[in-house]
Amino acid sequence: MLSFDTPTHRFHLRAAAVIRQGARVLLHRLETDTIWALPGGRVEPGEESAATVLRELREELGLEATVGRLLWVVENFFPHAGRHYHELGMYFEVTLPDDSPVLTGPGPYFGSESGAVLRFQWFALEELERLDVRPAFLTRALGSDSPVPRHFVVRD
């Protein structure tokens, strides 16, 4: 994983999937956590960020998907568990096959990562303001569409 520590921050290179169906979006969180995020994970050395998205969806949910255009590049600075993080995120539009169980079933859906249970759930875009979604810019950005990739700097 492209993750390393400096004297002041832990750095991560992350790639995430923006999976929308109509006016709803697929989010995930650790079953024991209250913070929701887009599915994805850390990029491996030598791995393209779009390939990371496909690998993470396969590993966590057993899903096949198609990665589309890059939507956002996000410099995300946040504290967590007593550490300061500097994360560079690549956010891609992703589509699932029409017969995907995540599109046709009621959910929630469960996966795992390093032995921890992950909960995947669809949310209507208007529900996002009531959730703890990170990075926080997503509550607004997920409802908008730009023809070109956008750059965000977020300090949560």
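In the predicted model, F77 lies opposite H86, a residue of strand β8. This pairing belongs to the contact between strand β7, residues 66-80, and β8, which run antiparallel and are joined by 12 bridges. The two strands form a hairpin with 2 residues between them. Within the turn, A81 adopts a positive phi of about 50°.

Strand β8, which covers residues 83-95, also pairs with strand β2, residues 10-18. Here the sense is parallel, and the pairing extends over 9 bridges. A16 is placed opposite Y91 of β8. Strand β8 is thus described by two pairings, antiparallel with β7 and parallel with β2.

Helix α1 comprises residues 49-61 and includes T52. For the 13 residues of this helix, a rise of 1.5 Å a residue gives an expected span of 18 Å, and the end C-alpha atoms are 18 Å apart, so the two values agree. Immediately after α1, G62 has a positive phi of about 70°.

The buried residues of α1 include S49, T52, V53, R55, E56, L57, E60 and L61. An α-helix has 3.6 residues a turn, so residues three or four places apart point the same way. T52 has a relative accessibility of 0% and therefore counts as buried, the cut-off being under 20%. When residues up to four places away in sequence are not counted, T52 touches A15, G41, R42, V43, E44 and E47.

Note on methods
Residues numbered from 1 in each chain as written. Predicted model: local features only at pLDDT ≥ 70, side-chain atom pairs only at ≥ 80, totals over all residues. Heavy atoms only, no water. Pairing = 2+ DSSP bridges. Helix = DSSP H or I, 4+ residues; strand = E, 2+ residues; numbered from the N terminus. Buried < 20%, exposed > 50% of the residue type's maximum accessible area, 1.4 Å probe, protein only. Contact = heavy atoms within 4.5 Å. Expected span 1.5 Å × (residues − 1).
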